[in-house]
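Student: I have a chain to look through before our meeting. Could you take me through its fold and a few of its residues?

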Amino acid sequence: MRAAEALYLDGSLFRGENPRSEHVRVPGGMFVFLLVPRHRCGYVLQVTCL
C-alpha cells in the first residue's frame with residue numbers, strides 16, 4: 001500500500017485507468033490483489049496456499 005501511495009499521490013483525483021490486478025508469489029502460496037487509486041485502497045482478490 002505504501003508503494004501505491006507513492007505512485008498515486010492523490011488517489012481521489014486520479015482519472016486514468018485502474019491498474020490491472022497483480023499476482024505475487026510468496027513462500028507457501030500466492031495472492032492476487034488490485035489497487036484502486038480512486039477508492040484509495042487495495043483489495044485482496046484471492047489467496048492460495050500450497
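Tutor: What follows is a short discussion of this predicted model, from the overall fold to single residues.

Student: Fine. How many helices and strands are there in the chain?

Tutor: The chain has one helix and three strands. Read along the sequence, these elements give the pattern α-β-β-β.

Student: In what order do the strands lie in the sheet?

Tutor: The order is β1-β2-β3, in an open sheet with antiparallel pairing. The strands β1 (22-26) and β3 are the edges, since each of them pairs on one side only. On average, neighbouring strands of this sheet are turned by 25 degrees against each other, with direction ignored.

Student: How many bridges join β2 to β3?

Tutor: Eight bridges join strand β2 (residues 29-36) to strand β3 (residues 41-49), and the two run antiparallel. Two positions illustrate the register. Leucine 34 stands opposite tyrosine 43 in β3, while leucine 35 has glycine 42 in β3 as its bridge partner.

Student: And what about the turn, which residue takes a positive phi there?

Tutor: That residue is arginine 40, with a positive phi near 60 degrees, in the hairpin of β2 and β3. This hairpin has four residues between the strands.

Student: Changing topic: how many aromatic pairs are there?

Tutor: The count comes to one aromatic pair. Phenylalanine 31 and phenylalanine 33 form it, with 6.0 Å centre to centre and 40 degrees between the planes, so the pair is classed as tilted, a class that lies between stacked (under 30 degrees) and edge-to-face (over 60).

Student: Are those two rings' residues buried or exposed?

Tutor: They fall into separate classes. Phenylalanine 33 is buried because its relative accessible area is 18%, with the limit for burial set at under 20%. Phenylalanine 31 has 27% and therefore counts as partly exposed.

Student: What share of the chain is buried overall?

Tutor: Buried residues make up 20% of the 50 residues in the chain. The chain exposes about 4,200 Å², of which carbon and sulfur atoms supply 57%.

Student: And the contacts, what share is long in sequence terms, at 24 or more positions apart?

Tutor: Such residues account for 20% of the contacts in the chain with a separation of 6 or more.

Student: Now the cysteines. How many disulfides does a search of the whole structure find?

Tutor: The search finds zero disulfides. A disulfide would be a covalent bond between the sulfur atoms of two cysteines.

Student: Is cysteine 49 buried or exposed?

Tutor: Cysteine 49 counts as exposed because its relative accessibility is 69%, where the class begins at over 50%. Cysteine 41, at 24%, counts as partly exposed.

Student: Where is cysteine 49 placed, and what is it in contact with?

Tutor: Cysteine 49 lies in strand β3. Leaving aside neighbours within four places in sequence, cysteine 49 is in contact with Gly28 and Gly29. In addition, the C-alpha atoms of cysteine 49 and methionine 30 are separated by 6.7 Å, although these residues are 19 residues apart along the chain.

Notes. Residues numbered from 1 in each chain as written. Predicted model: local features only at pLDDT ≥ 70, side-chain atom pairs only at ≥ 80, totals over all residues. Heavy atoms only, no water. Disulfide = S-S within 2.5 Å. Buried < 20%, exposed > 50% of the residue type's maximum accessible area, 1.4 Å probe, protein only. Phe/Tyr/Trp six-rings, centres within 6.5 Å; stacked < 30°, edge-to-face > 60°. Pairing = 2+ DSSP bridges. Axes fitted to C-alpha atoms, helices over the stretch in contact; angles between N-to-C directions. Contact = heavy atoms within 4.5 Å. Areas by Shrake-Rupley, 256 points an atom, 1.4 Å probe, with all protein chains shown as cover.
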